[in-house]
Amino acid sequence: MRKFFRTYLPFTSNSLKQNMAYKGAFYLNMFCSIFGAFINYYLWMAIYGSAESGVLAGLSKNEMVVYVFMSYIVSSVAMVSMSRAVGKDIQKGDIAMTLIKPMDYRMSLIAQSLGTMIYRFILPGLFVWVGLEIYKVIGLGLPVVRISNILLFLLSTFLSFVIYVLFEFCFGMIAFFTTYIFGLEMAKTAVLSFLTGQLIPLAFFPEAVQKMFDFLPFSSMLYAPVMIYLGKYTGSTLMFVLARQLVWVVLLYLLGSLIWRQVVKRLIVLGG
């Protein structure tokens, strides 16, 4: 275990340092993201303002405010892209040097993503979260979230992060066949914004579609931790949601291992 941490912790540390070194690009991306969150907020306020009922799909207007900004926090923290890094390694041929090193390529990518996740949790995630909680209590009149819900939310968010990066690794393997993955990366981001509930809560979809989502990993990437934070999942339902996240961690890890064993057989690197 000590050898494991000694091998992979430097990747996490270097990722943290890199994020701190290039603050301008990071803050620009975060500004664009939170700007999108405010657009989503005003859109939903308009929808609720024109609705006959103050509750839509089980969410009140005030709960939707919390949902929008907690979705922003979870997406910033948990949804750390690494498929582009895989594509870059393959395109430049750096993957060849990686394969001869005595370490697990996937684990090194996860360690790097962990550094980015920690940085995003602190900046801006934690500040937005505290500001939202103050506004929720003072401005919206909602009760302070319970400590148990916070702990379960953090656990679920970490599992969401693991699910997402494992999915990203599997998605990144496409680069072994296409070499250039940027276009697919953009399409994937757009599709996931719907499938994860980032733009539209999954409760707004028809019941049949919601049941289909139960058999897919996407709801476990963002929707699950936000609904746990809102207290919508309790008792046996809560345990099922957390267990489902654990199952997807295992399944995506096994799927990634299977794909990796197949794609490295067709890898050809020219030059020296």
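A crossing of two helices is called left-handed if the near helix is turned anticlockwise from the far one by less than a right angle, and right-handed if the turn is clockwise. In the structure examined here, which is a predicted model, the crossing of α4 and α7 is right-handed. The packing of these two helices is described below, followed by the surroundings of α4, the contact of α7 with α9, the nonpolar core and a number of individual residues.

Two packed helices are described by the angle between their axes and the distance between the axes. For α4 and α7 the angle is about 30 degrees, and the axes are 8 Å apart. On the α4 side the contact is made by S83, V86 and I90, which meet E168, F171 and G172 of α7. By residue class, the contact of α4 with α7 divides into three nonpolar residues, two polar residues and one charged residue.

Helix α4 itself spans residues 83-92, and its buried residues are S83, V86, G87, D89 and I90. When the helix is viewed down its axis, these buried residues fall within an arc of 160 degrees, so they line one face of α4. The elements against which the buried residues of α4 pack are α5 (94-99), α6 (105-138), α7 (147-172), α8 (175-178) and α9 (182-195). The residue that follows α4 is G93, which has a positive phi, near 85 degrees.

Helix α7 is also in contact with α9, and the axes of this pair come within 12 Å and cross at roughly 145 degrees. The crossing of α7 and α9 is right-handed. In this contact Y164, F167, E168 and F171 of α7 meet L184, E185, K188 and L192 of α9. The contact residues of α7 and α9 divide into five nonpolar and three charged, with no polar residue. E168 and F171 are among the α7 residues that meet α9, and E168 and F171 are also among those that meet α4.

The largest nonpolar core comprises 73 residues, and those with the most contacts inside this core are Y67, M70 and W260. Two or more residues are contributed to the core by each of α2 (23-50), α3 (61-78), α4, α6, α7, α8, α11 (223-229) and α12 (235-263). Apart from its neighbours within four places in sequence, M70 is in contact with W129, L132, F153, V226 and Y229. S71, which lies in helix α3, is buried, with a relative accessible area of 1%. When residues up to four places away in sequence are not counted, S71 touches G197, Q198, L222 and V226. V226 thus appears both in the list of contacts of M70 and in that of S71.

W260 is likewise found in the surroundings of two further residues. The first to be described, M173, is found in the loop between α7 and α8 and, at 2% relative accessibility, counts as buried. With its neighbours within four places in sequence left aside, M173 is in contact with V86, I259, W260 and V263. The C-alpha atoms of M173 and V264, which are 91 residues apart along the chain, are separated by 9.6 Å. The other residue, Y105, has its place in helix α6 and is buried, with a relative accessible area of 6%. Not counting residues up to four places away in sequence, Y105 touches A85, V86, D89, I95, T98, F169 and W260. V86, one of the buried residues of α4, is therefore a contact of M173 as well as of Y105. The C-alpha atoms of Y105 and D214, 109 residues apart along the chain, are separated by 30 Å.Two residues outside the buried category complete the description. A57 is found in the loop between β1 (55-56) and β2 (59-60), and this residue has a positive phi of about 55 degrees although it is not a glycine. At 38% relative accessibility, A57 counts as partly exposed. G24, found in helix α2, counts as exposed because its relative accessibility is 55%, the cut-off for exposed residues being over 50%. The C-alpha atoms of G24 and S76, 52 residues apart along the chain, are separated by 16 Å.

Key:
Residues numbered from 1 in each chain as written. Predicted model: local features only at pLDDT ≥ 70, side-chain atom pairs only at ≥ 80, totals over all residues. Heavy atoms only, no water. Buried < 20%, exposed > 50% of the residue type's maximum accessible area, 1.4 Å probe, protein only. Helix = DSSP H or I, 4+ residues; strand = E, 2+ residues; numbered from the N terminus. Arc of directions from axis to C-beta. Contact = heavy atoms within 4.5 Å. Axes fitted to C-alpha atoms, helices over the stretch in contact; angles between N-to-C directions. Nonpolar A, V, L, I, M, F, W, Y, C, P; charged D, E, K, R; others polar. Core = buried A, V, L, I, M, F, W, Y, C linked by side-chain atoms within 4.5 Å.
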